[in-house]
Amino acid sequence: MSTGRVSKTKAIIWVVLMDKKKQKITAGRDCDQVTAGELRDACCRKLRISSDGAEAFAIWICSPLLQIQMKPSHYPTALCDLWYDLLAQFSPVTESQAKSDQPIIMLMRNVFYPLSQEKMLIQRDPQARYYLTAESMFNFLTGRYPVEDELAFKLAAIQLKMEGKKMSNFPPGTLQNIANQILPWDVIKRNKKQSPIIDKKIRGYYNDLSNTTPGTLDHLYLSHWWTQACYRCAFFQGQVEVVGQKKDVPVRVGITPHNIFIWNKFTNKLIQIIASKDVSSTKLMTTVESKNVTEANLAEGPDKDDAMDAFIIHFNIIGAVKKQSKTAVPIFSKQACMMNAMYSRLKDENHLHSDKNTTSTLHTTVTSTDTDGALGRNMDFSNPTLKIGTKEVAVATKHISKKENIRGLTFSEDGKMKKMKIRQGGKQELQFDV
């Protein structure tokens with residue numbers, strides 16, 4: 001996707017779209033006085049998206065290191081001026097990475113837009129459908145929406161059809177040569193030793209689409225995602241302690257109204273799903289609280305500035321003999337406060353609960369196999385103002401091998417935590433293909 005930057009000369013703001021194009025918006029006043037809501041509406045009008053369709057989208061501030069969904073009342077260009085401070089607070093990067101990072105303004109899906117309304121919207125608004133499809137395709141191809149191989153091949157066939165590609169241009173056995181354009185890297189890696197299967201499967205699904213039209217293809221592509229529990233996740237970054245591992249495992253955390261997902265960042269495979277119906281409570285534990293609770297057992301260096309907070313998920317599990325027990329999983333991250341606030345916001349959104357029976361088909365607590373480093377999406381979860389230095393801004397932020405079992409927390413009989421090791425912020429390189 002091409003890059004776009006904020007231009008404050010002549011009151012021009014460039015908005016990057018999910019179909020790899022840019023939209024030029026001319027403001028009637030200083031750019032710093034243009035709200036995200038005004039910018040979104042102006043952009044949607046130029047794209048011929050209906051006024052109710054505009055509600056499905058939001059203005060985001062994005063970079064290779066962090067993404068922020070803005071509330072309609074926020075000021076995007078003003079937030080860009082505070083980008084370095086936001087990176088220091090919410091992203092585990094080095095100072096040199098933060099200084100060289102440049103944010104762009106994007107139009108993307110509003111994470112709080114209900115799926116039930118999306119299904120009705122795409123029937124009457126082809127432009128909204130087009131951009132929602134483009135975003136779901138981007139998330140699929142970059143590995144943010146991991147799926148089973150069979151569905152991946154179906155989606156690849158639909159993409160080829162939408163792009164007007166003809167099978168006559170691809171002799172048998174050659175589709176795998178463009179696999180990196182139509183499949184995520186983890187699917188390609190799993191099928192590396194049997195690449196003819198990729199060609200055969202995609203070709204077969206493509207032939208099944210002979211009677212479709214461009215509009216029905218968009219609808220078909222999105223309808224496949226409606227069956228996937230990971231669709232419209234709010235993404236975050238963190239790390240978890242895994243049984244048998246000396247070091248914490250970097251993870252990508254996805255939160256929807258119905259599930260909490262934990263993926264291994266380096267393999268893109270699922271470690272655990274926790275259904276919201278099984279969650280008894282969540283808690284944000286700051287490094288200060290951790291120090292008080294675990295004073296006798298702290299790791300060295302708990303007072304360092306880059307120590308991580310923890311998002312703790314308390315949930316119920318049912319054993320083989322149908323005996324219910326309770327456990328808790330801590331996720332260590334600079335974005336722990338965001339995870340906790342996002343989960344609380346989604347849980348309390350009554351209009352999102354109307355989607356209760358339309359999304360997740362995974363309703364049990366599962367510990368499965370180990371799972372790439374897609375950038376954690378960072379969302380607006382309507383928290384109050386955020387103080388950065390001397391400035392106070394109303395913003396919020398959204399960024400099959402061996403088995404991995406997350407190590408849970410240990411509690412004493414009176415319910416107090418026995419041990420919680422302080423994590424220090426990592427300095428890892430993050431990737432984001434735009």
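**Ile 331, the core and the aromatic rings**

User: Which residues does Ile 331 touch, not counting residues up to four places away in sequence?

Analyst: The model is predicted: local features need pLDDT of at least 70, side-chain atom pairs count only at pLDDT 80 or more, and totals for chains, interfaces and linings use all residues. Residues are numbered from 1 along each chain as its sequence is written, and side-chain values use heavy atoms, without hydrogens and water. With contact meaning heavy atoms within 4.5 Å, Ile 331 touches Gly 238, Gln 239, Val 240, Val 251, Val 253, Ile 262, Asp 309, Ala 310, Phe 311, Ile 313 and Met 339.

User: Which helix gives the largest share of the largest nonpolar core?

Analyst: A nonpolar core joins buried Ala, Val, Leu, Ile, Met, Phe, Trp, Tyr and Cys residues through side-chain atoms within 4.5 Å; buried means under 20% relative accessible area, exposed over 50%, partly exposed in between (1.4 Å probe, protein chains only). The largest core has 107 residues, and Ile 331 and Trp 225 are among those touching the most other members. Eight of the core's residues, its largest share, come from helix H7 (residues 149–162).

User: Are the rings of Tyr 145 and Trp 225 stacked, edge-to-face or tilted?

Analyst: Rings of Phe, Tyr and Trp (its six-membered ring) pair if their centres lie within 6.5 Å; planes under 30 degrees apart are stacked, over 60 edge-to-face, the rest tilted. Here the centres are 5.1 Å apart and the planes stand at 50°, so the pair is tilted.

User: How many residues apart in the chain are Tyr 145 and Trp 225?

Analyst: Both residues are buried. Tyr 145 sits in the loop between H6 and H7, and Trp 225 in helix H11 (residues 214–226). The pair thus links distant parts of the chain, with a separation of 80 residues.

User: What angle lies between the ring planes of Phe 261 and Trp 263?

Analyst: Both residues are buried. They belong to one aromatic cluster that also includes Tyr 145 and Trp 225. Their rings are stacked, 5.2 Å centre to centre, with the planes at 5°.

User: Is Thr 212 buried, exposed or partly exposed?

Analyst: Thr 212 is found in the loop between helix H10 (195–207) and H11. Among residues more than four places away, Thr 212 touches Lys 161 and Leu 217. Its relative accessibility is 26%, so Thr 212 counts as partly exposed.

How values were computed:
Helix = DSSP H or I, 4+ residues; strand = E, 2+ residues; numbered from the N terminus.
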